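Colleague: I would like to learn how to read the contacts in a model like this one. Could you take me through them feature by feature?

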Amino acid sequence: MESIESVGVVGAGRMGAEIALLFALAGSRVVLKDASLDLAEKGKARLEGVLDKLLKRGKVPAEANAAALQRISPSDDWRPFAEADLVIEAVFEKFSVKQEVFAELNKACKPECLLLTNTSSIPITQLASQVDAQRRGLFLGAHFFSPASIMALVEVIPGLETGEGTVEWVLEICRAIGKTPIKVKDVPGFAVNRIFHVMIIEACRLVEEGVASPEDVDIACRLGLGHPVGPFHLMDLLGNDLTARVQDILFREYGERFRPRPNLKQKVDAGHLGSKAGRGWLLSDRT
Ligand SMILES: NC(=O)c1ccc[n+]([C@@H]2O[C@H](COP(=O)([O-])OP(=O)(O)OC[C@H]3O[C@@H](n4cnc5c(N)ncnc54)[C@H](O)[C@@H]3O)[C@@H](O)[C@H]2O)c1
(Lines give C-alpha, C1' and ligand atoms only; values in the text may rest on other atoms or scores of the structure.)
Protein backbone atom coordinates (compact mmCIF):
# COMPACT_ATOMS: atom_id res chain seq x y z
CA MET A 1 0.00 0.00 0.00
CA GLU A 2 1.56 3.28 -1.08
CA SER A 3 3.06 5.27 1.81
CA ILE A 4 1.60 2.96 4.51
CA GLU A 5 4.62 0.74 4.86
CA SER A 6 4.50 0.52 8.59
CA VAL A 7 1.41 0.10 10.76
CA GLY A 8 1.01 -0.13 14.53
CA VAL A 9 -1.98 -1.82 16.15
CA VAL A 10 -2.58 -1.48 19.90
CA GLY A 11 -4.72 -4.27 21.36
CA ALA A 12 -4.46 -7.82 19.98
CA GLY A 13 -8.00 -8.85 20.95
CA ARG A 14 -11.01 -9.72 18.83
CA MET A 15 -10.74 -6.56 16.69
CA GLY A 16 -7.07 -5.53 16.82
CA ALA A 17 -5.58 -8.83 15.64
CA GLU A 18 -7.84 -9.05 12.59
CA ILE A 19 -7.24 -5.39 11.74
CA ALA A 20 -3.50 -6.15 11.88
CA LEU A 21 -4.11 -9.01 9.44
CA LEU A 22 -5.97 -6.76 6.99
CA PHE A 23 -3.00 -4.39 6.78
CA ALA A 24 -0.52 -7.26 6.55
CA LEU A 25 -2.50 -8.81 3.69
CA ALA A 26 -2.33 -5.45 1.91
CA GLY A 27 1.48 -5.49 2.23
CA SER A 28 2.21 -3.34 5.31
CA ARG A 29 4.60 -4.35 8.08
CA VAL A 30 2.58 -4.43 11.30
CA VAL A 31 3.60 -4.25 14.92
CA LEU A 32 0.83 -5.77 17.05
CA LYS A 33 1.05 -4.63 20.65
CA ASP A 34 -0.83 -5.83 23.70
CA ALA A 35 -0.28 -5.37 27.42
CA SER A 36 2.13 -8.32 27.43
CA LEU A 37 4.12 -10.13 24.76
CA ASP A 38 2.20 -13.30 25.58
CA LEU A 39 -1.16 -11.62 24.81
CA ALA A 40 0.23 -10.12 21.59
CA GLU A 41 1.52 -13.53 20.49
CA LYS A 42 -1.80 -15.18 21.32
CA GLY A 43 -3.55 -12.52 19.24
CA LYS A 44 -1.31 -13.31 16.29
CA ALA A 45 -1.68 -17.09 16.79
CA ARG A 46 -5.48 -16.79 16.44
CA LEU A 47 -4.94 -15.35 12.97
CA GLU A 48 -3.88 -18.71 11.53
CA GLY A 49 -7.45 -19.96 11.93
CA VAL A 50 -8.82 -16.68 10.56
CA LEU A 51 -6.59 -16.94 7.50
CA ASP A 52 -7.70 -20.53 6.92
CA LYS A 53 -11.33 -19.42 6.90
CA LEU A 54 -10.57 -16.53 4.51
CA LEU A 55 -8.75 -18.95 2.25
CA LYS A 56 -11.65 -21.42 2.23
CA ARG A 57 -14.06 -18.60 1.37
CA GLY A 58 -11.75 -17.54 -1.46
CA LYS A 59 -11.24 -14.10 0.13
CA VAL A 60 -7.44 -14.20 -0.09
CA PRO A 61 -5.09 -15.83 -2.57
CA ALA A 62 -3.29 -18.90 -1.17
CA GLU A 63 0.17 -17.40 -1.73
CA ALA A 64 -0.72 -14.35 0.42
CA ASN A 65 -1.02 -16.54 3.47
CA ALA A 66 2.32 -17.19 5.09
CA ALA A 67 3.85 -13.92 3.93
CA ALA A 68 1.09 -11.92 5.57
CA LEU A 69 1.61 -13.56 8.95
CA GLN A 70 5.36 -13.02 8.71
CA ARG A 71 4.75 -9.28 8.35
CA ILE A 72 3.05 -9.13 11.79
CA SER A 73 5.39 -8.67 14.77
CA PRO A 74 3.88 -9.16 18.21
CA SER A 75 5.27 -6.76 20.80
CA ASP A 76 4.82 -5.31 24.27
CA ASP A 77 7.01 -2.32 23.50
CA TRP A 78 6.15 1.22 22.36
CA ARG A 79 9.50 1.81 20.63
CA PRO A 80 8.58 0.16 17.28
CA PHE A 81 5.71 2.67 17.00
CA ALA A 82 8.28 5.36 16.16
CA GLU A 83 8.39 3.96 12.61
CA ALA A 84 4.63 3.68 12.08
CA ASP A 85 2.91 5.68 9.33
CA LEU A 86 -0.48 4.73 10.76
CA VAL A 87 -1.54 3.47 14.19
CA ILE A 88 -4.91 2.04 15.13
CA GLU A 89 -5.99 1.67 18.72
CA ALA A 90 -8.25 -1.30 19.59
CA VAL A 91 -7.91 -1.74 23.36
CA PHE A 92 -10.75 -2.18 25.90
CA GLU A 93 -13.70 0.17 25.50
CA LYS A 94 -12.82 2.20 28.58
CA PHE A 95 -11.81 5.84 28.41
CA SER A 96 -9.06 5.61 31.06
CA VAL A 97 -7.41 2.67 29.21
CA LYS A 98 -7.51 4.47 25.87
CA GLN A 99 -6.29 7.68 27.55
CA GLU A 100 -3.13 5.90 28.73
CA VAL A 101 -2.58 4.38 25.30
CA PHE A 102 -2.84 7.73 23.51
CA ALA A 103 -0.48 9.33 26.03
CA GLU A 104 2.09 6.66 25.07
CA LEU A 105 1.42 7.02 21.34
CA ASN A 106 1.77 10.77 21.68
CA LYS A 107 5.32 10.20 22.95
CA ALA A 108 6.23 7.31 20.65
CA CYS A 109 4.89 8.22 17.19
CA LYS A 110 6.39 10.52 14.59
CA PRO A 111 4.47 13.80 14.05
CA GLU A 112 3.14 12.76 10.61
CA CYS A 113 1.70 9.43 11.86
CA LEU A 114 -2.05 8.92 11.32
CA LEU A 115 -3.77 8.08 14.62
CA LEU A 116 -6.94 6.00 14.38
CA THR A 117 -9.26 4.63 17.04
CA ASN A 118 -11.68 1.72 16.67
CA THR A 119 -13.86 2.89 19.57
CA SER A 120 -17.55 1.97 19.35
CA SER A 121 -18.90 4.59 21.71
CA ILE A 122 -16.36 7.13 22.98
CA PRO A 123 -16.48 10.51 21.17
CA ILE A 124 -13.57 10.81 18.71
CA THR A 125 -13.02 14.46 19.69
CA GLN A 126 -12.63 13.45 23.34
CA LEU A 127 -10.00 10.85 22.44
CA ALA A 128 -8.24 13.26 20.06
CA SER A 129 -7.84 15.71 22.93
CA GLN A 130 -5.49 13.19 24.58
CA VAL A 131 -2.74 13.92 22.03
CA ASP A 132 -0.87 17.15 21.30
CA ALA A 133 -2.88 19.83 19.46
CA GLN A 134 -0.67 19.61 16.36
CA ARG A 135 -1.45 15.88 15.99
CA ARG A 136 -5.25 16.24 16.06
CA GLY A 137 -5.53 17.02 12.35
CA LEU A 138 -4.32 13.44 11.78
CA PHE A 139 -6.60 11.83 14.37
CA LEU A 140 -9.90 10.11 13.52
CA GLY A 141 -12.21 7.19 14.16
CA ALA A 142 -12.10 4.08 11.97
CA HIS A 143 -14.89 1.84 13.22
CA PHE A 144 -14.46 -1.71 11.90
CA PHE A 145 -17.11 -4.39 12.46
CA SER A 146 -16.72 -7.86 13.89
CA PRO A 147 -15.29 -10.08 12.47
CA ALA A 148 -13.07 -7.40 10.93
CA SER A 149 -11.56 -9.83 8.44
CA ILE A 150 -15.01 -10.46 6.92
CA MET A 151 -17.22 -7.43 7.46
CA ALA A 152 -16.75 -4.97 4.61
CA LEU A 153 -17.85 -1.74 6.27
CA VAL A 154 -15.70 0.83 8.06
CA GLU A 155 -17.29 3.95 9.52
CA VAL A 156 -14.75 6.78 9.13
CA ILE A 157 -15.43 9.42 11.76
CA PRO A 158 -13.63 12.76 11.84
CA GLY A 159 -13.27 14.57 15.17
CA LEU A 160 -13.70 18.33 15.47
CA GLU A 161 -10.08 19.05 14.48
CA THR A 162 -9.51 16.26 11.91
CA GLY A 163 -8.20 17.63 8.60
CA GLU A 164 -10.37 17.12 5.50
CA GLY A 165 -7.31 15.69 3.71
CA THR A 166 -6.92 13.15 6.52
CA VAL A 167 -10.48 11.93 6.02
CA GLU A 168 -9.95 11.47 2.27
CA TRP A 169 -6.65 9.70 2.92
CA VAL A 170 -8.17 7.26 5.41
CA LEU A 171 -11.13 6.55 3.10
CA GLU A 172 -8.54 5.62 0.46
CA ILE A 173 -6.57 3.46 2.89
CA CYS A 174 -9.75 1.59 3.85
CA ARG A 175 -10.43 0.84 0.19
CA ALA A 176 -6.83 -0.31 -0.27
CA ILE A 177 -7.29 -2.93 2.48
CA GLY A 178 -10.46 -4.19 0.80
CA LYS A 179 -13.07 -2.34 2.85
CA THR A 180 -15.96 -0.08 1.92
CA PRO A 181 -15.78 3.04 4.07
CA ILE A 182 -18.51 5.57 4.77
CA LYS A 183 -18.00 8.97 6.36
CA VAL A 184 -20.04 9.48 9.51
CA LYS A 185 -20.36 12.35 12.01
CA ASP A 186 -18.94 12.03 15.52
CA VAL A 187 -22.27 11.31 17.26
CA PRO A 188 -23.00 8.62 19.88
CA GLY A 189 -23.47 5.22 18.21
CA PHE A 190 -22.23 6.67 14.88
CA ALA A 191 -24.62 5.35 12.18
CA VAL A 192 -24.68 1.55 12.27
CA ASN A 193 -25.22 1.08 15.99
CA ARG A 194 -28.13 3.50 15.95
CA ILE A 195 -29.92 1.47 13.28
CA PHE A 196 -28.93 -1.86 14.84
CA HIS A 197 -30.06 -1.11 18.38
CA VAL A 198 -33.44 0.27 17.36
CA MET A 199 -33.97 -3.04 15.55
CA ILE A 200 -32.86 -5.30 18.39
CA ILE A 201 -34.84 -3.34 20.98
CA GLU A 202 -37.94 -3.99 18.86
CA ALA A 203 -36.93 -7.66 18.54
CA CYS A 204 -36.77 -7.91 22.37
CA ARG A 205 -40.17 -6.22 22.58
CA LEU A 206 -41.67 -8.80 20.19
CA VAL A 207 -40.46 -11.57 22.50
CA GLU A 208 -41.74 -9.79 25.64
CA GLU A 209 -45.18 -9.39 24.06
CA GLY A 210 -45.22 -13.07 23.08
CA VAL A 211 -45.57 -12.16 19.42
CA ALA A 212 -42.81 -14.57 18.40
CA SER A 213 -40.00 -16.59 19.97
CA PRO A 214 -36.34 -15.49 19.66
CA GLU A 215 -35.79 -18.37 17.23
CA ASP A 216 -38.71 -17.25 15.05
CA VAL A 217 -37.70 -13.57 15.14
CA ASP A 218 -34.29 -14.66 13.86
CA ILE A 219 -35.93 -16.70 11.10
CA ALA A 220 -38.09 -13.67 10.24
CA CYS A 221 -35.06 -11.42 9.88
CA ARG A 222 -33.11 -13.95 7.85
CA LEU A 223 -35.85 -15.06 5.50
CA GLY A 224 -38.02 -11.95 5.48
CA LEU A 225 -35.37 -9.25 5.47
CA GLY A 226 -32.40 -11.09 3.99
CA HIS A 227 -30.17 -10.54 7.03
CA PRO A 228 -27.36 -13.12 7.25
CA VAL A 229 -27.99 -13.67 10.98
CA GLY A 230 -30.90 -12.78 13.23
CA PRO A 231 -30.81 -10.27 16.12
CA PHE A 232 -30.86 -12.88 18.92
CA HIS A 233 -28.05 -14.88 17.37
CA LEU A 234 -26.11 -11.62 17.04
CA MET A 235 -26.75 -10.60 20.64
CA ASP A 236 -25.48 -14.02 21.76
CA LEU A 237 -22.32 -13.51 19.72
CA LEU A 238 -21.70 -9.92 20.84
CA GLY A 239 -22.58 -10.53 24.49
CA ASN A 240 -25.76 -9.36 26.20
CA ASP A 241 -23.71 -7.33 28.70
CA LEU A 242 -22.04 -5.35 25.89
CA THR A 243 -25.40 -4.88 24.14
CA ALA A 244 -26.98 -3.57 27.35
CA ARG A 245 -24.03 -1.23 27.99
CA VAL A 246 -24.26 0.28 24.52
CA GLN A 247 -28.02 0.75 24.92
CA ASP A 248 -27.47 2.51 28.26
CA ILE A 249 -25.21 5.00 26.45
CA LEU A 250 -27.65 5.48 23.56
CA PHE A 251 -30.58 5.87 25.99
CA ARG A 252 -28.67 8.54 27.92
CA GLU A 253 -27.91 10.41 24.69
CA TYR A 254 -31.14 10.02 22.70
CA GLY A 255 -33.85 9.09 25.22
CA GLU A 256 -36.81 6.71 25.04
CA ARG A 257 -36.21 5.12 21.67
CA PHE A 258 -33.08 3.42 23.00
CA ARG A 259 -34.36 2.36 26.44
CA PRO A 260 -33.01 -1.20 26.98
CA ARG A 261 -35.83 -3.76 27.32
CA PRO A 262 -36.34 -5.50 30.69
CA ASN A 263 -35.85 -8.96 29.15
CA LEU A 264 -32.33 -7.98 28.03
CA LYS A 265 -31.50 -6.64 31.51
CA GLN A 266 -32.81 -9.90 32.97
CA LYS A 267 -30.48 -11.96 30.76
CA VAL A 268 -27.55 -9.87 32.00
CA ASP A 269 -28.63 -10.17 35.66
CA ALA A 270 -28.89 -13.95 35.27
CA GLY A 271 -25.42 -14.15 33.72
CA HIS A 272 -26.89 -15.40 30.44
CA LEU A 273 -24.43 -13.27 28.53
CA GLY A 274 -24.42 -15.23 25.26
CA SER A 275 -21.95 -17.63 23.70
CA LYS A 276 -19.09 -16.63 26.01
CA ALA A 277 -21.24 -17.78 28.97
CA GLY A 278 -22.72 -20.83 27.23
CA ARG A 279 -26.22 -19.39 27.87
CA GLY A 280 -28.08 -16.61 26.17
CA TRP A 281 -31.11 -16.20 23.94
CA LEU A 282 -30.61 -19.27 21.76
CA LEU A 283 -28.20 -21.20 23.94
CA SER A 284 -30.30 -21.92 27.02
CA ASP A 285 -30.84 -25.60 26.20
CA ARG A 286 -27.15 -26.38 25.95
CA THR A 287 -26.36 -26.35 29.66
N1 LIG B 1 -15.97 -6.65 19.45
C2 LIG B 1 -16.72 -5.94 18.60
O3 LIG B 1 -17.72 -6.42 18.05
C4 LIG B 1 -16.29 -4.53 18.25
C5 LIG B 1 -16.74 -3.97 17.05
C6 LIG B 1 -16.31 -2.70 16.69
C7 LIG B 1 -15.47 -1.99 17.54
N8 LIG B 1 -15.06 -2.55 18.71
C9 LIG B 1 -14.15 -1.76 19.57
O10 LIG B 1 -12.83 -2.26 19.39
C11 LIG B 1 -12.08 -2.09 20.60
C12 LIG B 1 -11.52 -3.43 21.02
O13 LIG B 1 -12.58 -4.35 21.18
P14 LIG B 1 -12.35 -5.93 21.20
O15 LIG B 1 -13.69 -6.55 21.06
O16 LIG B 1 -11.24 -6.27 20.27
O17 LIG B 1 -11.84 -6.11 22.70
P18 LIG B 1 -10.97 -7.31 23.31
O19 LIG B 1 -11.26 -7.29 24.77
O20 LIG B 1 -11.15 -8.56 22.52
O21 LIG B 1 -9.46 -6.82 23.05
C22 LIG B 1 -8.90 -5.70 23.69
C23 LIG B 1 -7.41 -5.99 23.81
O24 LIG B 1 -6.76 -4.80 24.29
C25 LIG B 1 -5.72 -5.23 25.15
N26 LIG B 1 -5.30 -4.11 26.00
C27 LIG B 1 -5.92 -3.59 27.05
N28 LIG B 1 -5.20 -2.57 27.57
C29 LIG B 1 -4.09 -2.44 26.79
C30 LIG B 1 -2.98 -1.56 26.81
N31 LIG B 1 -2.86 -0.61 27.73
N32 LIG B 1 -2.02 -1.72 25.85
C33 LIG B 1 -2.16 -2.68 24.91
N34 LIG B 1 -3.19 -3.54 24.85
C35 LIG B 1 -4.16 -3.42 25.78
C36 LIG B 1 -6.32 -6.38 25.92
O37 LIG B 1 -5.33 -7.18 26.56
C38 LIG B 1 -7.07 -7.12 24.81
O39 LIG B 1 -6.27 -8.10 24.18
C40 LIG B 1 -13.05 -1.46 21.60
O41 LIG B 1 -12.88 -0.09 21.58
C42 LIG B 1 -14.42 -1.86 21.05
O43 LIG B 1 -15.43 -0.98 21.43
C44 LIG B 1 -15.43 -3.82 19.07
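The dialogue below goes through the ligand, its surroundings and the aromatic rings.

Modeller: Please keep in mind that this is a predicted model, in which local features need pLDDT of at least 70 and side-chain atom pairs count only at pLDDT 80 or more, while totals for chains, interfaces and linings use all residues. Residues are numbered from 1 along each chain as its sequence is written, and side-chain values use heavy atoms, with hydrogens and water left out.

Colleague: Which residues come nearest to the ligand?

Modeller: A residue is near a molecule if one of its heavy atoms lies within 4 Å of it. There are 22 residues around the ligand here, and Met15, Asp34, Glu93, Lys98 and Ser120 come nearest. With Ala, Val, Leu, Ile, Met, Phe, Trp, Tyr, Cys and Pro taken as nonpolar, Asp, Glu, Lys and Arg as charged, and the others, Gly among them, as polar, the shell divides into 11 nonpolar, seven polar and four charged residues.

Colleague: Which element gives the most to that shell?

Modeller: Elements are DSSP runs numbered from the N terminus, with at least four residues for a helix (H or I) and at least two for a strand (E). Helix H4 gives the most, with three residues, and H1 (14-25), H4 and E6 each supply at least two.

Colleague: How should I read the polar contacts of the ligand?

Modeller: A polar contact is a pair of N or O atoms within 3.5 Å; within protein, one must be able to donate a hydrogen and the other to accept it, and residues adjacent in sequence count only if both atoms are side-chain atoms. An oxygen atom of the ligand is 2.5 Å from an N or O atom in the side chain of Glu93, and a ligand oxygen lies 2.8 Å from such an atom in the side chain of Ser120. For Arg14, a polar backbone atom is 2.9 Å from an oxygen atom of the ligand. The protein covers 82% of the 830 Å² of accessible area that the ligand has on its own, as computed by the Shrake-Rupley method with a 1.4 Å probe.

Colleague: What joins the side chains of Thr119 and Glu93?

Modeller: Their side chains are joined by a polar contact of 2.8 Å. Thr119 lies in the loop between strand E5 (114-117) and helix H5 (124-128).

Colleague: Is Thr119 buried or exposed?

Modeller: Buried means under 20% relative accessible area, exposed over 50%, and partly exposed in between (1.4 Å probe, protein chains only). Thr119 counts as buried because its relative accessible area is 0%, whereas Ala35, at 68%, counts as exposed. Ala35 is found in the loop between strand E2 (29-33) and helix H2 (37-56).

Colleague: How many aromatic pairs does a search of the whole structure find?

Modeller: Rings of Phe, Tyr and Trp (its six-membered ring) pair if their centres lie within 6.5 Å; planes under 30 degrees apart count as stacked, over 60 as edge-to-face and the rest as tilted. The search finds four aromatic pairs. One of them is the tilted pair of Phe102 and Phe139, with 5.0 Å centre to centre and 55° between the planes. This pair links distant parts of the chain, 37 residues apart, with Phe102 in helix H4 (residues 95-108) and Phe139 in strand E6 (residues 139-144). Phe102 is buried at 1% relative accessible area, and Phe139 is buried at 1% as well.
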